[in-house]
Amino acid sequence: MQPLTSVLVIDDNGIDNFISRKVLESFGIPKIVQFERAVLAVDYLRTTSELPQLILLDIRMPEMDGFQFLKKISEMQLALGVGIVMLSTSVDPKDREMARMSHCNGYVEKPLTREKLSEQVEVLGLALGYVAGAGG
Amino acid sequence: MKQIKILILDDNEIDAKMIQHELKKSGLDFMAKAVGTRQSYEEALHSFVPDIILSDYLLDSFDGSTAFQIKEEQCPHTPFIIISGIIGEENAVELIKAGVSDYSPKSKLVSLDQKIIRAIKEANAVMEKRRTDETIKAQNRQLLEIASLQSHQVRAPIASILGLANLFDYNDPSNPMNAEVLANIKKVVEQLDAVVHEIVKNTSELNKIG
């Protein structure tokens with residue numbers, strides 16, 4: 001299994017971004033890119049030379065929400081093959097259903113924890129626990 | 001009760017005058033317009049805007065049932081009374097089932113004023129109930145929106161607090177991250193407090209509307 005080394009996090013909530021970053025860092029993931037505005041993440045994906053392996057995507061955001069972001073990157077054919085996991089504060093089953101219908105690979109009810117992240121990463125066929133310099 | 005606008009549909013002018021004469025005798029405060037054809041009837045529905053319609057049953061050009069159907073399409077809330085000499089009890093019952101407010105034989109117009117007043121009162125009550133129902137439905141929709149929004153607004157900071165609590169390093173209390181976690185918990189709790197204040201404010205505003 002390929003180790004997970006690069007994650008993009010899109011969430012307008014600064015504190016939830018802090019939580020996501022700390023959880024990702026606890027697994028030693030070296031490259032964590034975060035945006036509070038989905039439009040900036042679209043620009044990033046359009047111009048980056050190295051796509052992330054995983055995108056953690058908040059659902060409810062002003063300006064462009066998680067579903068609009070998914071639609072946009074699907075139209076522009078950005079992030080093809082990148083695993084996308086939605087993060088939601090909602091306990092409303094409708095949001096889960098909408099996520100299931102959209103082009104994403106997983107759904108996590110906030111808060112993100114080490115256990116929830118492990119579960120999602122395993123489903124995507126990636127491995128956690130990357131250690132820099134230890135080799136594949 | 002304010003002056004009642006009565007539209008009389010009868011192609012017999014003498015009968016129309018007789019109805020007005022009876023109503024004047026009863027002391028009813030009204031203003032009447034008499035029409036005898038379908039065209040003038042439809043025009044009067046728009047231009048005269050009656051409070052009530054008194055319609056003959058058999059007319060030369062059309063009939064009371066059709067007049068009632070036209071009324072149902074154009075001003076469904078306006079009460080409609082059939083006045084006829086030859087309709088028969090059974091037909092009258094059928095018409096009332098179809099929605100006609102009342103029936104009065106031409107030979108017995110004595111209590112027509114009472115029937116008019118009752119029909120208008122009933123129509124007003126129906127309108128009033130409809131308005132109340134609509135207000136309640138609108139308020140319900142508003143409450144549902146507030147409830148759904150607020151469940152999200154409350155759930156969001158709670159999820160953050162749970163996430164922060166998971167990050168706290170109990171094994172190493174001196175871990176500098178712990179200070180960051182606590183500072184963030186304080187921030188989120190303040191947000192949650194603001195949300196609760198907002199909920200209380202919205203609820204008390206709804207109380208005022210109610």
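These legends accompany several close-up views of a predicted model.

**View 1. Chain A, from one end to the other.** A good place to begin is the overall make-up of chain A, which has 5 helices and 7 strands. Starting at the N terminus, the elements follow the order β-β-α-β-α-β-α-β-α-β-α-β. Chain A has 136 residues, and 50% of them count as buried. Among its contacts between residues at least 6 apart in sequence, 64% link residues that are at least 24 apart.

**View 2. The largest nonpolar core.** Here we look at the largest nonpolar core, a set of 26 residues. The residues with the most contacts inside this core are A:I10, A:L45, A:I55, A:L57, A:F69 and A:M86. Two or more residues each come from β2 (6-10), β3 (31-35), α2 (38-47), β4 (54-58), α3 (66-75) and β5 (83-88) of chain A. Of the elements, α2(A) contributes the most to this core, with 5 residues.

**View 3. A:F69 and its partners.** Now let us move in on A:F69, one of the residues with the most contacts inside the largest core. Setting aside neighbours within four places in sequence, A:F69 is in contact with A:I10, A:A38, A:A41, A:V42, A:L45, A:L57 and A:M64. A:I10, A:L45 and A:L57 also appear in the list of residues with the most contacts in that core.

**View 4. A second core.** Separate from the first, another core holds 24 residues. Among them are A:I15 and A:L117 from chain A, together with B:L167 and B:V188 from chain B.

**View 5. The largest pocket.** This view turns to the largest pocket, which holds about 290 Å³ of space. Its lining is made of 16 residues, and those nearest the pocket centre are B:P50, B:D51, B:P79, B:I120 and B:N124. Helix α5 (residues 112-167) of chain B supplies the largest share of the lining, 4 residues. Sorted by class, the lining has 10 nonpolar, 4 polar and 2 charged residues.

**View 6. B:D56, a residue in a loop.** Our last stop is B:D56, found in the loop between β3 (52-55) and α3 (64-74) of chain B. Is B:D56 buried or exposed? B:D56 counts as buried because its relative accessible area is 7%, and the cut-off for buried is under 20%. The side chains of B:D56 and B:K106 are joined by a polar contact of 3.4 Å. Leaving out neighbours within four places in sequence, the residues in contact with B:D56 are B:L9, B:D10, B:D11, B:G64, B:I83, B:S84 and B:K106.

Note on methods. Residues numbered from 1 in each chain as written. Chains lettered and ligands numbered in written order. Predicted model: local features only at pLDDT ≥ 70, side-chain atom pairs only at ≥ 80, totals over all residues. Heavy atoms only, no water. Core = buried A, V, L, I, M, F, W, Y, C linked by side-chain atoms within 4.5 Å. Buried < 20%, exposed > 50% of the residue type's maximum accessible area, 1.4 Å probe, protein only. Contact = heavy atoms within 4.5 Å. 1 Å grid on protein atoms, 1.4 Å probe; cavity = no way out; pocket = protein on both sides within 12 Å on 5 of 7 lines; lining within 4 Å. Points joined across faces, edges and corners; volume = space filled by probe spheres on them. Nonpolar A, V, L, I, M, F, W, Y, C, P; charged D, E, K, R; others polar. Polar contact = N/O pair within 3.5 Å; in protein donor to acceptor, adjacent residues only side chain to side chain.
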